[in-house]
Amino acid sequence: MPLVSLRQVLDEAAKGGYGVGAFNVNNMEQIQAIMEAAQETNSPVIIQASRGARAYSQDRYLYHLMMAATELYPEIPTVLHLDHGNSPETCFSAIEMGFTSVMMDGSLMADGKTPSSFEYNVEATLKVVKAAHAKGVTVEGEIGCLGGIEDGHGAGLDGLSHLTDPKQAVEFVKATGLDALAIAIGTSHGAYKFSSKPTGETLKMGRLIEIHNGLPGTHLVMHGSSSVPKDLQDIINKYGGKLKPTWGVPVEEIQLGIKNGVRKINVDTDSRLAITGAIRKVFFEKPEEFDPRSYLKPAREAMKKVVALRMTQFGQAGHAGDYKAISLADMAKQYAAQPVAV
Ligand SMILES: [Zn+2]
């Protein structure tokens, strides 16, 4: 099947009461790892690329690798999503390239660093919604600001200084008609999310539930939601790495989110840790090796393992065959016929 829209995958997830991991990629091995994990667990797939990933893969490599994935796995519904579009223009270029979903992150100005005004966010997001929906493409927006920095994108905040205001979230969804809403509840991008196991003081799940109660029909998105497992940190440090002690978002908190409207869960750091640990291990144990396949294969396998585990924990496993793809043209007709329900 061709690439499908994020909206369809999240609507199905809402019906089934599960969440879908959105895994970041930059190269072929990461795409292969995700598709192999999806086949093994029979899961729908969201693959996402940031601006940094698009630059790294020169867009065209990424596009054709994704086409290869849909050819090789025609039975798996697969979304190609732009992570953290910094301006309407970035979103438009992604839509032109064949992305079936875009994030317009108007919570920050186009520099990707400075927190913006509510008015700016509505204006930029609405502009993208109008253009994207006309083509059947899904739009994710963000209200409140995440902590940390992701591929150069982010204000470098501590995660708690710009939490999502539940009332503003309702206003934002009404004003923009977006499909999915990223919220700030204390999570951060990168490996260093929490300096100890998060508590209700640092990870505001109560705030998430409040937002969901105000917007029961809106698909919520958790960013910065790698769990940063200790075993993956330990492999890196055992073989010469120097990660400082750190904590991510516990899987049980994500599962609580899924019970409360979270349908898309962004995971990047866990894949990075798995890949780097596997490569370090080969370099340490077999310093005589110099065939890149000798370390890229175990790296791909390690990422596949953590992705398959997350797919199972989020509940998307077993759901790849539940539905037939709705074409983007038909999605566009649906948008034209009825505005997005709040
Ligand atoms: Zn993010």
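**Exercise 1.** Which residue in β7 does Leu181 stand opposite?

*Solution.* This is a predicted model, in which local features need pLDDT of at least 70, side-chain atom pairs count only at pLDDT 80 or more, and totals for chains, interfaces and linings use all residues. Residues are numbered from 1 along each chain as its sequence is written, and side-chain values use heavy atoms, with hydrogens and water left out.

Start with the strands, which are DSSP runs of E of at least two residues, as helices are runs of H or I of at least four, both numbered from the N terminus. Strand β6 (residues 180–183) pairs with β7 in the parallel sense over 4 bridges, where pairing requires that DSSP finds at least two bridges between two strands. Within this pair, Leu181 stands opposite Leu220.

Next, turn to β8 (residues 262–267), which pairs with β7 in the parallel sense over 3 bridges; here Leu220 stands opposite Val262.

**Exercise 2.** Where on helix α7 do the buried residues lie, on the same side or on opposite sides?

*Solution.* First, list the buried residues (under 20% relative accessible area; exposed is over 50% and partly exposed in between, with a 1.4 Å probe and protein chains only): in α7 (residues 166–176) they are Pro166, Ala169, Val170, Phe172, Val173 and Thr176. Because they cover an arc of only 165° around the axis, they lie on the same side of α7, the arc being that of the directions from the helix axis to the C-beta atoms. Finally, check the other side of α7, where Lys167 and Lys174 are exposed.
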